[in-house]
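Thanks for coming. I have one structure to go through this morning, so please look at the screen while I talk.

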Amino acid sequence: MSEVTKNLMLFTGRSNPVLAAKIAELLKVDLGGITTKSFANGEIYARFALSVRNSDLFLIQSISAWSDGSVNDALMELLIMTDAAKRASAHTVTAVITHFGYSRQDKKSAAREPITAKLVANMLTVAGVDRVITIDLHQGQIQGFFDKPVNHLTALPIFANYFVSKGLENLCIVSPDVGRAKAAKKLADMLDADLAVMHKSRPAHNVAEIAHVIGDVAGKTCILNDDMIDTGGTIAACVTTLKKEGAADVYICATHGLFSGRAYEYLDKVDVTEIIVCDTVPIPPDLLTGKLNVVSVAPLLAQAIGNVFEGISVSELFDPDFAL
C-alpha cells in the first residue's frame, strides 16, 4: 500500500476573496477552484471543481456582508461549502473565519433573547467543521461554544507594529468600555503606553452613551482600540468625550471595519487623526481616500494555517510579542 501524504487545499467563499488570495500567495499554494452562486430565489450552491478526497481543507470566509450578499448569505455559504467538502471525503475541514458574525449575541441580556453566537457554533459543528481559526472574537468565551478546537488569534501585535512605525509619543491606549479593557492593557504594554477606560452604557441596540473617562488623557496621543466598528456610534461618542477631556490627538484602531450604513461618513466628521482597520472584512475602495487605512492580517492567518497543517504549535501566535 502506498504511503498517504498530507495535502493542503485552500478555498474561499465570496465574502473576502482578496484576503484569501493574499493568504494563498504567502503559503505558496493556489486557491482551489470552487463554484459558488446564488439562485434566483436566494438559495446558495457550492461545488468543488476538483477532488478533495483525503485533503486538509481550509475554507476562508468572513461572516459579514459583501457587495453581492448579506451576513446570512456568508454564513450559509460557509455551511454549504463545509457540507460539500465532507461529502466529498475531505480528511479535515478548517473554517478560517476572518470575522465571526453574530459574535455580539453571546449571552442573554434580557428575557426571551437567543444566544446566537452559540447557535452559529452549533451549525458549523453539525455541518462538519473540524477546527476553527478566527481573529478577535467579540468575547473570548465564544471559543467555549465549540466542542472542536478553536485557534483564536489577535491583531493587537499588528496594530502595535503599525504605531511603532509612526514614532508616536506620549501615548495612551483607550478602551471604549470595561469589556475591552483587558485587550487594551495588552496593547498598552506592547507600546509602553498609559491606559484609560471609557464608562459606557447602551440604552438600545447600536446606541452608546459615554458617561466618563477613567484615567488621564489630557495632552496625550490617544489610541482608541476596539474589536469592530459597526455603525460608528460608540467610537464617535468616545472620540468626542476624549477631546472634551483634553486629548491632543485621537487614533482609532479596530480589527473589523464593518462600517454599516453611513458609519464611515459619520466618523469622517469627528475630530480623529486616523482610523486603522484590518482586511478581515472587505473595505470598499472608495473609503480609502481619507482618514482610513487598512493593515493586513494575511501574514498572521497564513502562519496559523501553515502551523495547523504541519502540526506545529499555534500558541506563539497568541503571544503579544509575535511580530510580522
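Let me start on a helix. On the face of helix 5 that is turned away from its buried side, you find the exposed residues K182 and D189. Before I go on, please note that this is a predicted model.

So which residues of helix 5 are buried? They are A181, A183, A184, L187, A188 and L191. These residues cover an arc of only 160 degrees around the axis, which puts them on the same side of helix 5. If you are new to helices, there is a general rule to remember. An α-helix has 3.6 residues a turn, so residues three or four places apart point the same way. Just after helix 5 comes D192, and its phi is positive, near 50 degrees.

Take one residue from the buried side. L187 lies in helix 5, and L187 counts as buried because its relative accessibility is 0%. What does L187 touch, if we leave aside its neighbours within four places in sequence? The contacts of L187 are L156, F159, A160, I173, N225 and C253. As for A155, it is 32 residues from L187 in sequence, and the C-alpha atoms of the two are 9.9 Å apart.

Now a lysine. K220 sits in the loop between strand 10, residues 207-214, and strand 11, residues 221-229. Is K220 buried or exposed? K220 has a relative accessible area of 12%, and buried means under 20%, so K220 is buried. With neighbours within four places in sequence left out, K220 is in contact with N170, C172, D194, A247, A248 and D249.

Next, a sheet. This is an open sheet of 5 strands in the order 1-4-5-6-7, and the pairing is parallel. The edges are strand 1, residues 8-12, and strand 7, residues 150-153, each of which pairs on one side only. On average, and ignoring direction, neighbouring strands of this sheet are turned by 15 degrees against each other.

Strand 1 is worth a closer look. Strand 1 is largely enclosed by the rest of the structure, because 5 of its 5 residues are buried. L8, L10 and T12 point one way from strand 1, while M9 and F11 point the other way. That fits a general pattern: in a regular strand the side chains alternate between the two faces of the sheet. Strand 1 runs parallel to strand 4, and 5 bridges join them. One bridge pairs F11 with L59 in strand 4.

Further along the sheet, strand 5, residues 92-97, pairs with strand 6, residues 131-135, in the parallel sense over 4 bridges. There, V96 stands opposite I133 of strand 6. Helix 8, residues 298-310, packs on this sheet and touches strand 1, strand 4, strand 5, strand 6 and strand 7. The direction of helix 8 makes about 160 degrees with that of strand 6.

Finally, the whole chain. How many helices and strands does the chain have? There are 8 helices and 14 strands. The C-alpha atoms fill a box of roughly 70 × 40 × 35 Å along the principal axes. For 324 residues, a compact globule would have a radius of gyration near 20 Å, and the chain agrees with that at 20 Å. Of the 324 residues, 51% count as buried. Among contacts with a separation of 6 or more, 63% are between residues 24 or more positions apart. The chain exposes about 15000 Å², and carbon and sulfur atoms supply 51% of that area.

That is my tour.

Note on methods
Residues numbered from 1 in each chain as written. Predicted model: local features only at pLDDT ≥ 70, side-chain atom pairs only at ≥ 80, totals over all residues. Heavy atoms only, no water. Pairing = 2+ DSSP bridges. Helix = DSSP H or I, 4+ residues; strand = E, 2+ residues; numbered from the N terminus. Axes fitted to C-alpha atoms, helices over the stretch in contact; angles between N-to-C directions. Contact = heavy atoms within 4.5 Å. Buried < 20%, exposed > 50% of the residue type's maximum accessible area, 1.4 Å probe, protein only. Arc of directions from axis to C-beta. Rg over C-alpha atoms; globule rule 2.2 N^0.38 Å. Areas by Shrake-Rupley, 256 points an atom, 1.4 Å probe, with all protein chains shown as cover.
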